[in-house]
Amino acid sequence: MAETENGPAGADAPGHEHPHDHQVVPDDIALRVRALESILVDKQMVDPAALDEVVDAYENRIGPRNGARVVARAWTDPAYKARLLDDATAAIAELGFGGAQGEHMVVVENTPEVHNLVVCTLCSCYPWPTLGLPPVWYKSDAYRARAVIEPRAVLRDFGLALDDDVAVQVWDSTAEIRYLVLPRRPPGAEGMTEEELAGLVSRDAMIGVAAVPPPAAGRPA
Amino acid sequence: MNGIHDLGGMDGFGAVEPEPDEPVFHHPWEGRVFALRAALRPKDRAPGWGSFRYDLERIPPAEYLRLSYYERWFAISVDRLLRSGLVTQAEIETGRPQPGPPGPPLRPGPAARPAGPGRLDAAAAPRFRPGQDVRARNLHPPGHTRLPRYTRGKAGVVTRDNGVYALQDTDEAGQALDRPPQHVYTVRFAARGLWGERAAKRDAVFADLWEDYLEPI
């Protein structure tokens, strides 16, 4: 990962903070971060290549395409779907996904009667192995505040209007369980392969703020 | 603690604003902060550093709301390094290491490795069972807790026993409470029980709650 936006680490690091004070916002956060990493590297505490590897994993390998494969498999293989709803952690591991923030997975299924929505009101808990790192809106104060008290209004922000007779179930990820929504398979996708189906499934559908649109109309986010 | 982080049910934050084609990290420094946090993961470090979550929650409320997500992470990372003595204030201010021996290596674990405080094999008899009516206790602990304010004192129904976990709550100093591992239950709260007439009749909110947070009805 390139770090080209600043000069030498610490060259202009501000030095007016009080000891142990995390109330002061750095004037130039990029510079401050680079300076901290430089200190830790110089003290032989951190290997920058190890940090590169973490960034690369979440930028390039661990993301919502993984979750989309899980959903597409569940749509095409009833036995897999049954295992997924019974023990999601094990069923997701069958496809090779697991690890940090996916240690205990639960999959909740959308039906014509029930729509599921996932939030973490206290922080930003999110199923990393299947969805990657959460988008800014998921971590935002507005989403965390509103999802539990007015989920239908939040869904309208996303352009999703639910009928009054659909029950909304909000899952607040307060402990170590992480949630993935199994969206409804759209009409018009009957003849599609598992791979093609995976291409329809957006990250937002697996959080529960979107439906999976019919193939002709859809563009996965 | 009854901190600003406990946002569920608050008004006034405006619309949720999705960003089309959002990158994983908006700036390179965000990725570095994320990776540094992985290296500083408390599980791998000496005890007594307190909980990562509690560090975030103790950021003063106005500051918490002003900082971006990764700015919060950076703030507590610096604070934690200073408190631990692994980095000095002079080093932070100058951006240069002071002479001395190398520090202890801080290595991020591989992403594929479980890293959280996972389910334990520990045996513990469950106090509650699925289908049972329970009430979230009216607790207001000063340290870290995973009992959201909006559930406290509210009645719900246990829908799942998730197995045994270490309680993540801390005291005011960020030290883990000396409590035995215990079952974590998924509890269904009727939305109208939480929010009254503002909520739709059939809607519900589910929260995963440690046994210590619950009492029978």
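**Note on strand pairing and the contact between chains A and B**

1. In this predicted model, Val108(A) has Val181(A) of β4(A) as its bridge partner. The two strands concerned are β1 of chain A, residues 105-109, and β4(A), which pair in the parallel sense over five bridges. As general background, strands of a sheet pair through backbone hydrogen bonds, either parallel or antiparallel.

2. How many residues of strand β4 of chain A are buried? Five of the five are, across residues 178-182, so the strand is largely enclosed by the rest of the structure. Its residues point in two directions, with Arg178(A), Leu180(A) and Leu182(A) on one side of β4(A) and Tyr179(A) and Val181(A) on the other, and all are buried, the charged arginine included.

3. For chain A as a whole, a reader may want the general outline, which is that it has 11 helices and four strands, and that buried residues make up 51% of its 221 residues. Among contacts in chain A between residues at least 6 apart in sequence, 67% join residues at least 24 apart.

4. Strand pairing also crosses from one chain to the other, since β3 of chain A, residues 167-172, runs parallel to β4 of chain B, residues 204-210, and is joined to that strand by four bridges. Within this pairing, Gln169(A) has Ala204(B) as its bridge partner in β4(B), while Val170(A) stands opposite Val205(B) in β4(B).

5. The pairing between chains belongs to an open sheet of seven strands, whose order is β2(A)-β3(A)-β4(B)-β3(B)-β2(B)-β1(B)-β5(B) and whose pairing is mixed. At the edges stand β2 (114-119) of chain A and β5 (214-216) of chain B, each with a single partner strand, so one side of each is left without a neighbour in the sheet. From one strand to the next, the twist averages 35°.

6. Which residues make up the contact between the chains? It takes 76 residues from chain A and 85 residues from chain B. On the side of chain A that touches chain B, at least two residues each come from α1 (29-42), α2 (48-61), α7 (136-139), α8 (141-146), α9 (151-157) and β3, and α1(A) gives the most, with 11 residues. By residue type, this side of chain A divides into 43 nonpolar, 17 polar and 16 charged residues.

Methods:
Residues numbered from 1 in each chain as written. Chains lettered and ligands numbered in written order. Predicted model: local features only at pLDDT ≥ 70, side-chain atom pairs only at ≥ 80, totals over all residues. Pairing = 2+ DSSP bridges. Axes fitted to C-alpha atoms, helices over the stretch in contact; angles between N-to-C directions. Buried ≥ 20, exposed ≤ 12 C-beta atoms within 10 Å, placed from the backbone. Contact = placed C-beta atoms within 7 Å.
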